[in-house]
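Visitor: Could you take me through one loop of this model up close, and then show me how the rest of the protein is laid out around it?

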Amino acid sequence: MDNNVLIEMRDITKTFPGVVALDHAQLTLHKGEIHALMGENGAGKSTIIKCLTGVYERDSGEVRMDGVEGNIYNHSTMDAQKIGIATVYQEVNLCPNLSVAENLFIGRAPATKIGTVDWKTMNQKAREIMNSLQIDVDVTATLENYSLAIQQMVAIARAVDMNCRVLILDEPTSSLDDKEVEKLFRLMRQLREKGVGILFVTHFLEQVYAVCDRITVMRNGKFVGDYTVSELPRVKLVAAMLGKDFDDLASIKSEGGSAKSTDVMLKAEGLSHKGTIKPFNFVIHRGEVVGLTGLLGSGRSETVRCLYGADRAQTGTEEFKGQKINIKAPIDAIRMGMGYLPDDRKAEGCIADLSVRENIILALQAKKGMFHTISKAKQNEIAQKYIEELSIKTPSPETPISQLSGGNQQKVILARWLATDPEFLILDEPTRGIDIGTKTEFQKKVLELADEGMSVVFISSEIDEMLRTCSRLYVMRDGQQVGEVTSEDGPITQEDVMNAIAGGAKQA
């Protein structure tokens with residue numbers, strides 16, 4: 001192993017029932033570097049980290065660490081900590097009701113001669129640790145008094161004081177504002193100067209180029225490449241993550257046949273939500289399919305949640321069919337004629353214990369109100385209509401939705417919103433995890449709905465799918481709207497979209 005190499009992972013394989021999570025993956029971390037681990041959802045980033053830190057036991061492969069003899073097998077996070085590998089997660093794993101000093105010394109507090117906690121020594125050592133990292137806090141104050149950024153720095157300080165040589169930061173900036181991010185980066189740079197190897201897991205491109213030295217890209221559980229940041233243009237990084245080769249890029253013309261109406265269905269100006277979305281503008285016309293594109297975590301879902309009222313906007317104005325509106329909650333949006341199919345059908349879409357019929361009529365019943373119940377006969381009529389229209393494969397309308405395949409569950413949730421007769425429909429990753437045939441059906445249905453005058457916002461991680469359905473794309477990056485790609489000057493190509501995501505597109 002090279003003298004400058006701190007961690008070397010080779011041919012790491014990890015399988016779960018029916019899934020190969022890691023397929024001969026590899027990762028090399030050097031001393032005194034900040035190394036980004038990049039990849040889309042399901043790429044294997046979390047799994048390879050868990051194999052390193054003892055959360056999972058790998059099926060095969062080799063892990064070597066500078067100063068530790070032989071092939072390393074960590075059977076727990078404690079094993080990893082003993083050899084100097086520490087992890088700080090997105091959700092801070094400390095005790096908010098204890099002081100900063102107590103959190104720094106959990107499980108290892110200095111003791112007096114009679115066995116009680118030596119508070120004076122502990123507080124003094126805590127001050128020295130925090131001062132050495134230039135973190136200005138009162139170590140006797142409870143941790144909950146401080147921002148999430150400070151709490152994360154305390155977690156990092158604890159790891160550093162426990163002589164960590166490898167620091168893994170798993171999505172540490174997703175809930176931080178710009179100033180807090182810069183504080184965290186300052187600390188990371190200090191640790192780099194001290195020789196600590198930092199593995200930085202993030203989906204924010206701007207942050208990778210601001211603070212990292214090298215990048216490892218993973219895709220579908222496999223190692224794609226190891227790059228020096230200065231030698232990897234952003235558009236090439238996006239291509240590596242998405243698995244697209246520019247030699248193979250081809251323009252795909254939208255199949256939508258109808259001309260766009262001049263009637264504005266929804267218009268938003270300066271909408272934002274603290275910590276997730278910076279002020280953005282949005283316009284969609286009647287019968288138009290508009291896409292939101294960007295890497296995972298770019299703010300696509302948060303933007304539509306803001307439009308729909310699932311996350312209440314804190315700034316800006318919104319108009320629907322020419323009238324100013326104030327959406328305080330999703331029920332307001334439903335009553336106005338909006339529908340929203342969320343990206344996580346299990347957590348936010350399906351009610352597993354209810355039947356197909358009950359799942360389909362949920363939104364319509366909410367729209368009508370609790371005092372205007374829909375008769376069982378009418379419910380059956382509605383359910384049967386959409387089972388046939390969307391070719392939902394179910395033994396009966398009374399079958400629990402949990403017994404259906406993922407694709408058919410997704411069709412039931414689409415039916416739920418179509419039953420409310422919406423004029424504006426948001427589809428967030430409607431085809432994720434479903435087979436190619438069902439995907440095609442979904443895409444055709446979206447274009448049919450647009451032809452009938454419905455306005456549709458479409459979000460998908462698959463660029464091909466966006467190109468087949470959307471006439472216009474808003475580009476998101478790091479919680480901010482950074483551009484727009486339109487088909488006015490000819491068909492949108494994958495290269496147009498990937499350049500825009502990477503920062504090479506001009507604002508429309």
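**A close look at one loop**

Guide: Gladly! Asn220 is found in the loop between strand 8 (214-219) and strand 9 (222-228); helices (H or I, at least four residues) and strands (E, at least two) are DSSP runs, numbered from the N terminus. Before we go on, please keep in mind that this is a predicted model, in which local features need pLDDT of at least 70 and side-chain atom pairs count only at pLDDT 80 or more, while totals for chains, interfaces and linings use all residues. Residues are numbered from 1 along each chain as its sequence is written, and side-chain values use heavy atoms, with hydrogens and water left out.

Back to our loop: Asn220 is not a glycine, yet its phi is positive, at about 55°. Its relative accessible area is 59%, which makes Asn220 exposed (buried means under 20% relative accessible area, exposed over 50%, partly exposed in between, with a 1.4 Å probe and protein chains only).

Ser391 invites a comparison. Its phi is near 55°, again a positive value in a residue other than glycine. Ser391 sits in the loop between helix 13 (376-389) and helix 14 (406-418), and with 38% relative accessibility it counts as partly exposed. Ala149, by contrast, lies in helix 5 (residues 148-161) and is buried, at 3% relative accessibility. The C-alpha atoms of Ala149 and Val19 are 35 Å apart, with their positions 130 residues apart along the chain.

Now let's turn to the aromatic side chains. The structure holds six aromatic pairs; rings of Phe, Tyr and Trp (its six-membered ring) pair if their centres lie within 6.5 Å, and planes under 30 degrees apart count as stacked, over 60 as edge-to-face and the rest as tilted. One of the pairs is Phe282 with Tyr474, tilted, with 5.1 Å centre to centre and 35° between the planes. Phe282 belongs to strand 11 (residues 277-285) and Tyr474 to strand 18 (residues 472-477), so this pair ties together parts 192 residues apart in sequence. Phe282 and Tyr474 are buried.

Another pair joins Tyr308 and Tyr340: their ring centres are 5.0 Å apart and their planes stand at 50°, so this pair is tilted. Here helix 9 (residues 300-308) supplies Tyr308 and strand 15 (residues 338-341) supplies Tyr340, so parts 32 residues apart in sequence are tied together. Tyr308 is buried, as is Tyr340, and with Trp417 they form one aromatic cluster.

Stepping back, the protein has 17 helices and 19 strands. Its C-alpha trace spans about 75 × 55 × 45 Å along the principal axes. Of its 508 residues, 51% count as buried. Among contacts (heavy atoms within 4.5 Å) between residues at least 6 apart in sequence, 66% join residues at least 24 apart. The exposed surface comes to about 22,900 Å², and carbon and sulfur atoms supply 47% of it; accessible areas come from the Shrake-Rupley method with a 1.4 Å probe, and for residues only the protein chains shown count as cover.
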